[in-house]
Amino acid sequence: MDLEGWPGMQMEENGHIQRMAPFQSPSMGWPGVQGIPATPVVKRVIRLDVPVDKYPHYNFVGRILGPRGNSLKRVEAMTECRVYIRGRGSVKDSVKEEKLKEKPGYEHLNEPLHVLVEAEFPEDIINARLDHAVAILENLLKPVDESFDHYKKQQLRELAMLNGTLREESPSMSPSISPSMSPFNSTGMKRAKTGR
């Protein structure tokens, strides 16, 4: 194989290829091109206060986190921003929170409950990303009556699926499939026997 015309490649005496210099792609500000970004990358943090003084019994932390933190992970994945819940009430165990208050790195526990949204992007897109994350989080920080809270119902359904306790009880169930034929009923299909 003749590689002598390729820049950055050199044949050693034993026939192996030696790479001399990494390939550098030129950046012309085109989207998707690796290399030097067209605008400088900046880091910004926005603080959103949680209205626990107005709604002291509302579970804002649970609403933001969701089952096993999945709701928060979805917000982070959609916006590509990091979201941190900080302040009094951000630690689940209040006794542990009291012990941590005086330790370095936990000074935020002396402040009211708040959410930090952090982003690190090129200057021309960072505001759009932060605005998207803030809009989602502000919507989650608006208390909703439990009977109308579709978001919480969706979270509870997800939790039941994760725990393996989901029971389908929808009125749109097909009449040909009765609840007694559910694979989750003891009278329906049985579990496959294992060697135990």
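The following questions and answers concern salt bridges, a helix, a loop serine and a surface patch in a predicted model.

Visitor: How many salt bridges does a search of the whole structure find, and which residues are linked in a network of them?

Guide: The search, run over the whole structure, finds six salt bridges. Asp49 pairs with Arg47, their closest N and O atoms being 2.9 Å apart, and Glu111 also forms a salt bridge with Arg47, again with closest N and O atoms 2.9 Å apart. The count is therefore six, and the linked residues are Arg47, Asp49 and Glu111.

Visitor: How many residues apart in sequence are the parts that the pair of Glu111 and Arg47 ties together?

Guide: Glu111 forms a salt bridge with Arg47. Because Arg47 belongs to strand β3 (residues 41-49) while Glu111 sits in the loop between α3 and β5 (114-122), the pair ties together parts whose separation in sequence is 64 residues.

Visitor: Is Asp49 buried or exposed, and at what relative accessibility?

Guide: Buried would require under 20% relative accessible area, and exposed requires over 50%. Arg47, its salt-bridge partner, counts as partly exposed at 39% relative accessibility, and Glu111 is likewise partly exposed at 30%. Asp49 lies above the upper cut-off and therefore counts as exposed, at 52%.

Visitor: Which residue forms a salt bridge with Glu76, and how far apart are the closest N and O atoms?

Guide: Glu76 is among the buried residues of helix α2 (residues 70-79), a list that also includes Leu72 and Val75, and its relative accessible area is 15%. The partner counts as partly exposed, because Arg82 has 41% relative accessibility. The salt bridge of Glu76 is with Arg82, the closest N and O atoms being 3.3 Å apart.

Visitor: Which backbone oxygen does the side chain of Ser90 reach, and at what distance?

Guide: Ser90 lies in the loop that runs between β4 (82-86) and α3 (94-100). When neighbours within four places in sequence are left aside, Ser90 is in contact with Ile85, Glu97, His108, Leu109 and Leu113. Its side chain reaches the backbone oxygen of Gly87, at 2.7 Å.

Visitor: What accessible area do Leu156, Leu159 and Leu162 have together?

Guide: Leu156 has its place in helix α5 (residues 150-163). An α-helix has 3.6 residues a turn, so residues three or four places apart point the same way. Leu156, Leu159 and Leu162 form a nonpolar patch on the surface, and their accessible area together is about 240 Å².

Methods
Residues numbered from 1 in each chain as written. Predicted model: local features only at pLDDT ≥ 70, side-chain atom pairs only at ≥ 80, totals over all residues. Heavy atoms only, no water. Buried < 20%, exposed > 50% of the residue type's maximum accessible area, 1.4 Å probe, protein only. Helix = DSSP H or I, 4+ residues; strand = E, 2+ residues; numbered from the N terminus. Polar contact = N/O pair within 3.5 Å; in protein donor to acceptor, adjacent residues only side chain to side chain. Contact = heavy atoms within 4.5 Å. Patch = residues over 30% accessible without salt bridge, like charges linked within 9 Å, V, L, I, M, F, W, Y side chains within 5 Å. Areas by Shrake-Rupley, 256 points an atom, 1.4 Å probe, with all protein chains shown as cover. Salt bridge = Lys/Arg side-chain N within 4 Å of Asp/Glu carboxyl O.
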